[in-house]
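I opened this entry to look up how the aromatic rings are arranged and where charged side chains meet them. The notes follow the order in which I went through the structure.

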Amino acid sequence: MKTFLIIGMGKFGYHLCKKLADLGNQILVVDEKEEALEEVLPIVTSAKIGDCTKVDVLKTLGVDNFDYCFVCVGNNFQSSLEITSQLKEMGAKYVISKAVRDIQAKFLLRNGADEVIYPDRDIAQRLANRCSANHVFDYIELSRECSIYETLPLQEWLGKTVREIDIRARYHINILGIKKKEKTDFVIHPDYRFEEEDHLIMMGNNDDVFEILKRMDEKR
């Protein structure tokens, strides 16, 4: 269990708060508007109404006691920047701030953010990648060059074992898991034989994975 401070209860702040609560963490949420806090009151440790751009408000929160501080202020970038900077000056251990554009991320990092997230951009990119490629059911970008994909096995792999195909050496990818319906097995035995209903969780260089996806289009 960890302790979290979430400043800003917009859509992202709400969903972040709900998931952290589901995982059994202690959470303090702060927002200027009382109505923004009403829905999370049953699941958080504490909630406060206040303008966190004001130093006096932040001082009452004990920001140095939290494992993570999230700045999820909506469209007011100036407020996000001020809160991020003040949190770090007050001894916050780790500050994660929300950004919309790269220029915002640069200023946030220069002014105390330990990490910057782009929830809207990341969701859009993930959706675009999943919908643009055939046979891709899910996608997680690890870097510009490398990602994790949930996809189908090649037709020529069906009935053959992991050992026989020698996927890592021949295709330069790693099979992290095999998903059947809602169950995923992350311990893959070399003698496992691929089946048509398998969904593979594969990690590799994007170019290498795209070559496999291209072959799927040709074969199916």
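I began with the ring cluster in this predicted model, and I noted that ring pairs link F4, Y68, F70 and Y94 into a cluster. I then looked up the total and found that the structure holds eight aromatic pairs.

Next I turned to the pair of W157 and Y171, where the ring centres lie 5.2 Å apart and the planes stand at 70 degrees, so I entered this pair as edge-to-face, the angle being over the cut-off of 60 degrees. Looking up where the two residues sit, I placed W157 in the loop between β8 (146–151) and α6 (162–165) and Y171 in helix α7 (residues 167–171), which makes this a link between distant parts of the chain, with the two positions 14 residues apart. I also checked burial, and both W157 and Y171 came out as buried.

Which geometry does W157 have with F194? I found the centres of these rings 5.8 Å apart and the planes at 35 degrees, so I recorded the pair as tilted. This pair, too, links distant parts of the chain, since W157 is in the loop between β8 and α6 while F194 is in the loop between β10 (183–185) and β11 (199–205), 37 residues apart. For burial I wrote down that W157 and F194 are both buried.

Last, I looked up charges over rings. I found R110 over the face of F107, at 5.9 Å from the ring centre, and I found R121 over the face of Y118, at 3.8 Å from the ring centre.

Definitions and conventions:
Residues are numbered from 1 along each chain as its sequence is written. This is a predicted model: local features need pLDDT of at least 70, side-chain atom pairs count only at pLDDT 80 or more; totals for chains, interfaces and linings use all residues. Side-chain values use heavy atoms; hydrogens and water are left out. Rings of Phe, Tyr and Trp (its six-membered ring) pair if their centres lie within 6.5 Å; planes under 30 degrees apart count as stacked, over 60 as edge-to-face and the rest as tilted. Helices (H or I, at least four residues) and strands (E, at least two) are DSSP runs, numbered from the N terminus. Buried means under 20% relative accessible area, exposed over 50%, partly exposed in between (1.4 Å probe, protein chains only). A charge sits over a ring if NZ of Lys or CZ of Arg is within 6 Å of the ring centre and within 35 degrees of the ring normal.
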